[in-house]
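Q: Please take me slowly through one part of this structure, looking closely at how it is built and what surrounds it. I am new to the subject, so explain each term when it comes up.

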Number of protein chains: 2
Amino acid sequence: MKDLTAIKGVMFDLDGVLYVGSQAIDGAAEAIERIRKSGLTCRFVTNTSTLSLASLQKKINAMGFDIPQHEIISAPYATALYLKRQSDPTCRLLLADDVKKDFDHFPVSDLAPKYVVIGDIGDAWSYSLMNETFNALTNGAKLIAIHKNRFWQTESGLQMDIGGFVEALEYASGVKAMIIGKPSVDFFHIALTDMGLPPHQVVMVGDDIDADVGGSQKAGMVGVLVRTGKYRQSYTDASPVKPDVTIDSIADLPSALGL
Amino acid sequence: MKDLTAIKGVMFDLDGVLYVGSQAIDGAAEAIERIRKSGLTCRFVTNTSTLSLASLQKKINAMGFDIPQHEIISAPYATALYLKRQSDPTCRLLLADDVKKDFDHFPVSDLAPKYVVIGDIGDAWSYSLMNETFNALTNGAKLIAIHKNRFWQTESGLQMDIGGFVEALEYASGVKAMIIGKPSVDFFHIALTDMGLPPHQVVMVGDDIDADVGGSQKAGMVGVLVRTGKYRQSYTDASPVKPDVTIDSIADLPSALGL
């Protein structure tokens, strides 16, 4: 087990670490409070791409947490942080309306953007949308995708996710997408820049051995696995990823950090 | 130059070999007539995927040719020939209405097909069409694509072609498409089966060094390049493909065949 006493910051995954469904994990709010009071920098990081930061904050804090909005970094908001550093962030946003709120300070151009950002837009895909985006890419726009998932499971069966549409645009235009969501190393580096800390001084706490622990370790961070949420012993055994530290739940994090 | 006197059949590419635009190439009709009268089996093969065989025949013969419909094999019709040999050819057809006429003897099922056939459907792509097709594929349907072109040039700019949508479905479902159009070896084998001849007894005559000459050679046939249509000396020099025979135009084919 790695010594965590020199750690200066913590990134927390949300679903499965702070709560499961709409139920907070026992002792989670207290653990976060103690870590923040000790002076460590906190960020709450998630791939969720259907909610704005304001909506996310409302959802989390309704479960008994007290997390300030500036500590939340969703994959779409990581994209906004990335765009903020570009000289011309003119963009076309294929994002849900609520998520667009986190991009309202950027200039938007549908036909001549510098960046096309693709997130979850449900059933809004059409030939004209694909063709306009393809033309923007062949005219030099860069492509950013929140994730590249193939499909998701619903009660009525499988639904095709945005990954295929991203792949289609890459194939037709020859432009490769930058993938922002975890386990992308870009995601962790954007969050680290926001924290102002080097990777080796920050732990990532997650329930996903590959996306959370593997991704953060690739970014040079310390990966902590919790035995809550989607954690299964069998996944951990089958994964090539080895967590630096494993704890039963987030409630055990303060003592693991020597607090 | 290869000896062509043992040849029993000829496949002709259409555009650039029989005609350019709407203008027949000098001596083309007479050359075809002479070849057919000598007893060689003829087929006219094309990747065109927006016209039925009846429409194609009308278009060609309006330029002074006299080609029977059963000698024309378009990429969609090659698909129909392939489906005819399957035990359950129940299909979903993403094809232009005119092209669907060549498939009217097949059972059709939109939600539970055994084969999904993708050709040119213009701007009819939508999320629901993609998602239904994706679900058919994850339920075991096979995927056939007429081609996998990335885009095409129009007067108003580039238009995204079906290749991206085929790639999207492959990515999301994990099902690889069978590509039917030239230079696919499958295409030439389907046409050879229709002719009842082995590959080495058939020449392919084309103006495209890669799709026509290279593709047919890979299928075991004899590749003849004509210096009409899209032929350019520079393309030929740059291509790894070496034609078995090169002639100035189709008018020179009878003498090359020893007729």
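A: Helices and strands are here DSSP runs, numbered from the N terminus, a helix being a run of H or I with at least four residues and a strand a run of E with at least two. This is a predicted model, in which local features need pLDDT of at least 70 and side-chain atom pairs count only at pLDDT 80 or more, while totals for chains, interfaces and linings use all residues. Residues are numbered from 1 along each chain as its sequence is written, chains are lettered from A and ligands numbered from 1 in the order in which they are written, and side-chain values use heavy atoms, with hydrogens and water left out.

The part to look at is helix α7, together with the loop that leads into it. In chain B, B:Pro183 lies in the loop between β11 (178–179) and α7 (185–195), and the peptide bond that joins B:Lys182 to B:Pro183 is cis, with omega near 10°. In chain A, A:Pro183 is likewise found in the loop between β11 (178–179) and α7, and the bond from A:Lys182 to A:Pro183 is cis with omega near 10°. Most peptide bonds are trans, and most residues other than glycine have a negative phi.

At the start of α7 in chain A, a side-chain oxygen of A:Ser184 reaches to within 3.1 Å of the backbone nitrogen of A:Asp186. This is a polar contact, meaning a pair of N or O atoms within 3.5 Å; within protein, one must be able to donate a hydrogen and the other to accept it, and residues adjacent in sequence count only if both atoms are side-chain atoms. Just after the helix, A:Gly196 takes a positive phi of about 70°.

Between these two ends, the buried residues of α7 in chain A are A:Phe187, A:Phe188, A:Ile190, A:Ala191, A:Leu192 and A:Met195. Buried means under 20% relative accessible area, exposed over 50%, and partly exposed in between, with a 1.4 Å probe and protein chains only. What covers these residues includes the strands β1 (9–13), β4 (41–46), β5 (72–74) and β12 (202–206) and the helices α3 (75–84) and α8 (209–218) of chain A; the cover is judged by contact, which means heavy atoms within 4.5 Å.

Some of these elements can be followed further in chain B. There, nine of the ten residues of α3 are buried, so this helix is largely enclosed by the rest of the structure; among the buried ones are B:Tyr77, B:Leu81 and B:Tyr82. Helix α3 of chain B is also part of what covers the buried residues of α2 in that chain, along with β2 (19–20), β4 (41–46) and β5 (72–74). Those buried residues of α2 (residues 53–61) are B:Leu53, B:Leu56 and B:Ile60. Because they cover an arc of only 60° around the axis, they lie on the same side of α2 in chain B, where the arc is that of the directions from the helix axis to the C-beta atoms.

Further along chain A, A:Thr236 has its place in helix α9 (residues 233–238), and at 13% relative accessibility A:Thr236 counts as buried. The side chain of A:Thr236 reaches the backbone oxygen of A:Arg232 at 3.2 Å. Not counting residues up to four places away in sequence, A:Thr236 touches A:Ile209, A:Leu225, A:Tyr231, A:Val241 and A:Lys242.

In chain B, B:Thr236 is in helix α9 (residues 233–238) and is buried, with a relative accessible area of 14%. A polar atom of its side chain lies 3.2 Å from the backbone oxygen of B:Arg232. The residues that B:Thr236 touches include B:Ile209, B:Leu225 and B:Tyr231, again not counting residues up to four places away in sequence.

How are the two chains related? Chain A can be laid on chain B with an RMSD of 0.0 Å by a turn of 180° and a shift of 0.0 Å along the axis, the copies being superposed by least squares on the C-alpha atoms of residues with pLDDT of at least 70 in both. That is the relation of a two-fold axis. The same surface serves both copies, since 100% of the contact residues of chain A recur in chain B.
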